[in-house]
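Grab a pencil and have a look at the chain below. We'll work through a few exercises together, one step at a time.

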Amino acid sequence: MHQGGGLWVGGDATSTVINSTFSNNNAFPAKLDNNDQPIIDSDGNYVLDPQQDIKKAIGGAMNLNVPATIANSTFANNHAGWWGGVFVGNESTTTTNSIYYNNTAGNPYGQANQTAKQLNDGGGNIQYPDQANTNDKKITANVTIADPLLAELQEVNGVLVHPLLSGSPAIDSGVNTDVPNTTDQLGNTRPVDGDNNGSSIIDIGAVEFIPTPGNYIVGDNLDNLLNGTSQNDNIDGLTGNDTLKGDAGNDTINGGDGLDILNGEQGTDILTGGSDSDRFLFDIGSQFNLADMGSDIITDFNSAELDKIVLSKTTFTSLDSVVGDGFTVTEEFAVVDNGAAVATSTAKIVYNSANGQIFYNPNGITSGFGDGGLFATLENQANLQTEDFVLTGL
């Protein structure tokens with residue numbers, strides 16, 4: 001669609017967009033094949049129809065030509081070929097409690113990545129990243145610039161949404177006044193006390209964060225050592241250079257700002273390092289056992305911030321590389337690009353770049369993983385290299 005990749009509204013009425021997710025929509029005049037399907041090149045990009053004007057490709061998520069209200073909605077990864085990665089339309093549009101994440105426009109000026117016309121601010125809005133330059137309009141003049149920590153697009157109860165990750169600045173950060181809804185896109189009650197501080201404030205975005213049962217362990221602005229329990233813990237280091245250990249249970253661990261060490265230990269854990277250089281430690285204090293180890297999710301691994309994956313030789317006992325940075329036995333680490341190649345790799349640590357999964361493969365070329373298996377997934381499918389690893393001693 002050339003205009004309004006997800007939604008186009010015209011006429012004389014008003015429009016309300018509420019509890020809605022707009023993700024991966026595209027306003028682009030693509031060339032069509034014989035089956036009227038857009039043609040995609042070898043790099044995964046749409047092929048421009050030479051008979052169309054790229055400057056008409058506006059409003060990646062929506063084109064609203066009527067006064068509109070936008071509330072508690074999430075706009076992520078939308079693109080317009082020219083103008084307004086999220087929005088073009090009527091200037092009498094107000095946005096409240098909504099997330100605008102990673103939306104882009106293809107014009108050569110770096111402008112209108114979020115919107116062609118700045119919206120009225122009802123409060124509680126988040127945008128990320130910031131404007132590309134001074135001429136690139138923010139979605140509103142006073143929008144909060146922060147990474148909302150969105151999970152990947154996923155189907156929950158038959159609905160495609162971007163849930164909030166633990167530690168998201170969108171949790172309990174909306175405005176409760178004049179909010180026209182008491183449920184979220186999934187039908188969950190709003191608001192709930194998502195950060196467990198005793199007050200229930202509506203979240204920003206389409207989906208309310210529902211904390212998992214368990215303990216809430218929160219640090220302060222100092223350098224904390226926080227230990228979890230056998231329950232499903234939520235551990236948040238806040239600022240400071242923290243060491244956070246999950247113990248047993250399926251834990252959610254957020255390092256926050258600072259140089260943090262995160263070790264989920266036993267169970268299937270969600271690990272978010274936050275800003276600065278973080279270390280994701282895999283050490284259960286004994287030899288690798290998949291039932292105890294679980295399979296952790298790292299939400300934000302970033303080589304540019306010097307994040308590291310730290311493997312303890314107490315747990316990964318088959319590794320012959322010496323303690324230190326990387327693998328001194330180079331063949332112990334390999335990157336493959338499909339699932340079939342993982343189990344037959346000769347390497348002992350195998351990264352599938354197609355889906356971000358990291359496997360321990362102690363039996364080498366023998367089919368299967370022996371006593372190993374999947375122990376971590378990089379949610380952002382980062383470009384993992386040997387220098388992203390550190391080995392620690394027995």
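**Exercise 1. Find the residues that Leu-311 touches, leaving out those up to four places away in sequence.**

Step 1: Contact means heavy atoms within 4.5 Å. Step 2: Going along the chain, Leu-311 meets Phe-282, Phe-316, Leu-319, Phe-327, Ile-349, Phe-375, Phe-389, Val-390, Leu-391 and Thr-392.

A quick note on the model: it is predicted, so local features need pLDDT of at least 70 and side-chain atom pairs count only at pLDDT 80 or more, while totals for chains, interfaces and linings use all residues. Residues are numbered from 1 along each chain as its sequence is written, and side-chain values use heavy atoms, with hydrogens and water left out.

**Exercise 2. Work out which strands build the largest nonpolar core.**

Step 1: A nonpolar core is a set of buried Ala, Val, Leu, Ile, Met, Phe, Trp, Tyr and Cys residues joined through side-chain atoms within 4.5 Å. Buried means under 20% relative accessible area, with a 1.4 Å probe and protein chains only.

Step 2: The largest core holds 31 residues, and Phe-282, Leu-311, Phe-316, Ile-349 and Phe-375 have the most contacts inside it.

Step 3: Strands are DSSP runs of E, at least two residues long, numbered from the N terminus. Those giving two or more residues to this core are strand 25 (279-282), strand 27 (308-312), strand 30 (349-352), strand 31 (357-360), strand 32 (373-378) and strand 33 (389-392). Strand 32 gives the largest share, three residues.

Step 4: Don't stop there! A second, separate core has 16 residues, including Phe-22, Phe-75, Phe-87 and Tyr-100.

**Exercise 3. Put the strands of the four-strand open sheet in order and find its edges.**

Step 1: Two strands pair if DSSP finds at least two bridges between them. Step 2: The order is 2-6-10-13, and the pairing is parallel. Step 3: Strand 2 (15-18) and strand 13 (120-121) each have a single partner strand, so they are the edges, and one side of each has no neighbour in the sheet. Step 4: Zoom in on strand 6 (residues 68-71) and strand 10 (residues 93-96), which are joined by four bridges. Ala-68 has Thr-93 as its bridge partner there.

**Exercise 4. Now do the nine-strand open sheet.**

Step 1: Its order reads 18-20-22-24-26-32-31-30-29, with mixed pairing. Step 2: The edges are strand 18 (216-218) and strand 29 (333-336), each with a single partner strand, so one side of each lacks a neighbour in the sheet. Step 3: Strand 24 (residues 270-272) pairs with strand 26 (residues 296-298) in the parallel sense over two bridges, and Leu-271 has Ile-298 as its bridge partner.

Definitions and conventions. Buried < 20%, exposed > 50% of the residue type's maximum accessible area, 1.4 Å probe, protein only.
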